[in-house]
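Hi everyone, thanks for coming along. Please have a look at the sequence and the model on the screen, and then I'll walk you through them.

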Amino acid sequence: MAGKSKKKAETVYLVCEETGEYNYIVRRKPGGEKLKLMKYCPKLRKHTLHNEKKK
């Protein structure tokens with residue numbers, strides 16, 4: 001069976017919008033929209049918006 005290639009999971013980083021620190025590493029399937037999640041920022045000690053960024 002040729003033609004069916006599996007896409008590997010890619011590693012992306014979640015960066016805090018307020019501090020700019022790389023707080024989380026996530027593996028996900030390639031393609032689709034960029035992640036925007038509310039995650040805990042240890043520096044600010046509260047939940048903030050984290051955006052996906054490739055290093």
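Let's begin with strand 3 and strand 4, which pair in the antiparallel sense over six bridges. To find your way along this pair, look for Lys-39, which stands opposite Thr-48 in strand 4. I should say right away that this is a predicted model, so please keep that in mind for the rest of the talk.

Now follow the chain around the turn of that hairpin. There are four residues between strand 3 and strand 4, and Arg-45 takes a positive phi near 60° there. What about Arg-45 makes its positive phi of about 60° worth pointing out? Arg-45 has that phi although it is not a glycine. It sits in the loop between strand 3 and strand 4, and with a relative accessibility of 67%, Arg-45 counts as exposed.

Let's step back to the sheet. In what order do the four strands of the open sheet come? The order is 2-1-4-3, and the pairing is antiparallel. Strand 2 and strand 3 are at the edges with a single partner strand each, so one side of each has no neighbour in the sheet. From one strand to the next, the twist averages 40°. As a general reminder, strands of a sheet pair through backbone hydrogen bonds, and they can do so parallel or antiparallel.

Over on the other side of the order, strand 1 and strand 2 run antiparallel and are joined by six bridges. Here the residues to find are Glu-10 and Arg-28: Glu-10 stands opposite Arg-28 in strand 2. Those two also form a salt bridge, with their closest N and O atoms 3.9 Å apart. Glu-10 belongs to strand 1, residues 10-16, and Arg-28 to strand 2, residues 22-28, so to speak two distant parts of the chain, 18 residues apart, that this pair links. Are these two buried or exposed? Both Glu-10 and Arg-28 are buried. They are also part of something wider, since a network of salt bridges links Glu-10, Arg-28, Glu-52 and Lys-54.

That brings us to salt bridges in general. Side chains of opposite charge can pair when their charged atoms come close. How many salt bridges does the count come to here? The count is five.

Let me show you another of them. The side chains of Lys-46 and Glu-18 meet in a salt bridge, at 4.0 Å from N to O. Lys-46 is in strand 4, residues 46-53, while Glu-18 is in the loop between strand 1 and strand 2, so this pair ties together parts 28 residues apart in sequence. Lys-46 is partly exposed, with a relative accessible area of 42%, whereas Glu-18 is exposed at 53%.

Next, please find Lys-43 and Glu-21, whose side chains meet in a salt bridge at 3.5 Å, N to O. This pair also links distant parts of the chain: Lys-43 is in the loop between strand 3 (36-41) and strand 4, Glu-21 is in the loop between strand 1 and strand 2, and they are 22 residues apart. Lys-43 is exposed, with a relative accessible area of 59%. Glu-21, at 29%, is partly exposed.

Now for a residue in strand 4, namely His-50. Why does His-50 count as buried? Its relative accessible area is 0%, and the cut-off for buried is under 20%. The side chain of His-50 makes a polar contact with the side chain of Asn-23, at 3.1 Å. Leaving out residues up to four places away in sequence, His-50 touches a list of residues, among them Leu-14, Val-15, Cys-16, Tyr-24, Leu-37, Tyr-40 and Cys-41.

One last stop: Pro-30, in the loop between strand 2 and strand 3. Pro-30 is partly exposed, with a relative accessible area of 31%. Which residues is Pro-30 in contact with, leaving aside its neighbours within four places in sequence? They are Lys-7, Lys-8 and Glu-10, and you met Glu-10 earlier as the salt-bridge partner of Arg-28. If you look at C-alpha atoms, those of Pro-30 and Val-12 are separated by 9.8 Å, and these two residues are 18 apart along the chain.

That's my tour. Thanks for listening, and please do ask away!

Technical notes
Residues numbered from 1 in each chain as written. Predicted model: local features only at pLDDT ≥ 70, side-chain atom pairs only at ≥ 80, totals over all residues. Heavy atoms only, no water. Buried < 20%, exposed > 50% of the residue type's maximum accessible area, 1.4 Å probe, protein only. Polar contact = N/O pair within 3.5 Å; in protein donor to acceptor, adjacent residues only side chain to side chain. Contact = heavy atoms within 4.5 Å. Pairing = 2+ DSSP bridges. Axes fitted to C-alpha atoms, helices over the stretch in contact; angles between N-to-C directions.
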